[in-house]
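Reader: I am new to this one. Please take me through it feature by feature.

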Amino acid sequence: MDNRTAQFLGKDYQWSYTKIFLDDVQSLTGGIQLQIRGSAYSEITIIQPKRRNRRYRCCLKKEKINALLNVLIEQDFCAIRPDQSTEIPQENSIKITVINANQERHVIFKEIGEQAEKFDQIYAALMETVKPVDAWKFIPSELPFWLTIARLLPLIFLVLVTPFLIHKFVISFYGSMGSQDPVSFMPILLGLVGLLLGLILANIFFEWLTMRHTDVFSRPISLMILGLCGFSFLGFIYGAMVVFQTSFVHWGTPTIAQVSEKFIHYNYDSNSGIVDTNYFLRYHYQIDSGEDFSGESMVKRSFYDHTQVGDRLTVYYLPMVPRWSVLEAQQSALSRIPFVLKMLCTLIAWFLELLILTYIIYPLWQWLKPQPRALELPERS
């Protein structure tokens, strides 16, 4: 005679879609509700009278799940009282439900004190599967929506207030710098850019340590860190460009260049129909060793109109790489330094907030708060 349970569960490769549910809850003493999936995920709920339910999760080994399914086949689960599907279980009965890969279900149950050898064998196998109890992880109860918002408000407040405070600080600091030359600002720019890069790498490293054994999308804070890292990396690139331009005045050598050509370049965007107009100057200059070099620079419309071919202008070149030069680097770099300072300081402040809250305050709070009670399976006769 064919085994009905083997036909119900299907081939071995279909077992990962199987779901097993045990409902052993009694009105006076409580009990457990157990859910085991063939994909290895399992969840158990401990129900006790006049107490809050406790939920635990665990990823069981594939061998234990296969052994449990083999017990179902050996005891021929589907052949146990096949006519029970139309009955209504009593309040204090124990119910076992199995759902196969085709979402077909079979339910059996027995009343407390009733003799049912095959049922007891399956029940014992289910209870054996959930051991050892120390492998189960406690699932905290979900916070009310209003409490979640209340906890987010301080972080939102810090994020919104930080740019305002940084703006006030930078304006005061920038105004107090008398000469406002690249020699004064270069160490500050280099320090802030280096600090931002270090914080980006530190957050990525700490998040990797936290998430290396789990899926990155299982923690919402991971998405925030990835997004902030991407946004901050763009700020890092922009800050590095200003540092690069300012370095020509800080370390560069000034020399006289002669404008050799003026030209306009048009960029047409076929999607929007907008024409972007850029103005360029080409120039020649000579370094201290007598070598001649040429350069090209994009300038503003007003500067382009007031400059003629043959005019003599100041350029800065790097002695180590004399082919690299910029036209009027000092004016261009200094005009963007306040914005770059505010941007870098704001990003650094955001990263410090995220670093302290995520990896210091939250773990400390988790350590100090009362630990959840360990899994205690109620005794059943």
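Reader: How are α2 and α3 oriented to each other, roughly parallel or roughly antiparallel?

Author: First, a caution: this is a predicted model. Now the general idea. Two packed helices are described by the angle between their axes and the distance between the axes. Here, helix α2 covers residues 62-74 and helix α3 covers residues 117-129. Their packing angle is about 175 degrees, and their axes are 10 Å apart. Angles over 145 degrees count as roughly antiparallel. The two helices, α2 and α3, are therefore roughly antiparallel to each other.

Reader: Which residues in α2 meet α3?

Author: From α2 come K64, L68, V71 and L72. They meet Q121, I122, A125, L126, E128 and T129 in α3. Sorted by class, this contact has 6 nonpolar, 2 polar and 2 charged residues.

Reader: Which strands does α3 lie across?

Author: α3 lies across β1, β2, β5 (93-99) and β6. Its direction is at about 75 degrees to β5.

Reader: What is the order of strands in the open sheet of 7 strands?

Author: Read the sheet from one side to the other. The order is β6-β5-β1-β2-β3-β4-β7, and the pairing is antiparallel. At the edges are β6 (105-111) and β7 (137-139), each pairing on one side only. From one strand to the next, the twist averages 15 degrees.

Reader: Over how many bridges do β1 and β2 pair?

Author: Over 8 bridges, in the antiparallel sense. Strand β1 spans residues 19-26 and strand β2 spans residues 30-37. To follow one bridge, start at I20: its partner in β2 is I36.

Reader: Now the sheet of 5 strands. In what order do they come?

Author: This open sheet runs β10-β9-β8-β11-β12, with antiparallel pairing. Its edge strands are β10 and β12, each with pairing on one side only. Ignoring direction, neighbouring strands here are turned by 40 degrees against each other on average.

Reader: Where can I follow bridges from β8 into β11?

Author: Take β8 (residues 253-268) and β11 (residues 312-317), which pair in the antiparallel sense over 6 bridges. P254 has Y316 in β11 as its bridge partner. T255 stands opposite V315 in β11. Then move on to β12. β11 and β12 pair over 3 bridges, again in the antiparallel sense. Y316 has V326 in β12 as its bridge partner. Y316 thus links to P254 and to V326.

Reader: Last topic: pockets. How much space lies in the second largest pocket?

Author: The general idea comes before the case. Rolling a probe the size of a water molecule over the atoms shows where empty space is left. In this model, the second largest pocket holds about 520 Å³ of space.

Reader: Which residues lie nearest the centre of the second largest pocket?

Author: They are M298, V299, K300, L327 and S332, out of 17 residues that line the second largest pocket. By class, the lining has 6 nonpolar, 7 polar and 4 charged residues.

Reader: Which elements each supply at least two residues of that lining?

Author: Two strands and two helices do: β10 (292-299), β12 (325-327), α7 (301-306) and α8 (329-368). You have met two of these already: β10 and β12 are the edge strands of the sheet of 5 strands.

How values were computed. Residues are numbered from 1 along each chain as its sequence is written. This is a predicted model: local features need pLDDT of at least 70, side-chain atom pairs count only at pLDDT 80 or more; totals for chains, interfaces and linings use all residues. Side-chain values use heavy atoms; hydrogens and water are left out. On a 1 Å grid over the protein atoms alone, a cavity is a set of points where a 1.4 Å probe fits but cannot get out, and a pocket is an open set with protein on both sides within 12 Å along at least five of seven lines; lining residues have an atom within 4 Å of a point. Grid points are joined across faces, edges and corners, and a volume is the space filled by probe spheres set on the points. Helices (H or I, at least four residues) and strands (E, at least two) are DSSP runs, numbered from the N terminus. Ala, Val, Leu, Ile, Met, Phe, Trp, Tyr, Cys and Pro count as nonpolar, Asp, Glu, Lys and Arg as charged, and the others, Gly among them, as polar. Axes are lines fitted to C-alpha atoms, for helices over the stretch in contact, and angles run from 0 to 180 degrees between N-to-C directions. Angles under 35 degrees count as roughly parallel, over 145 as roughly antiparallel, 65 to 115 as roughly perpendicular and the rest as oblique. Contact means heavy atoms within 4.5 Å. Two strands pair if DSSP finds at least two bridges between them.
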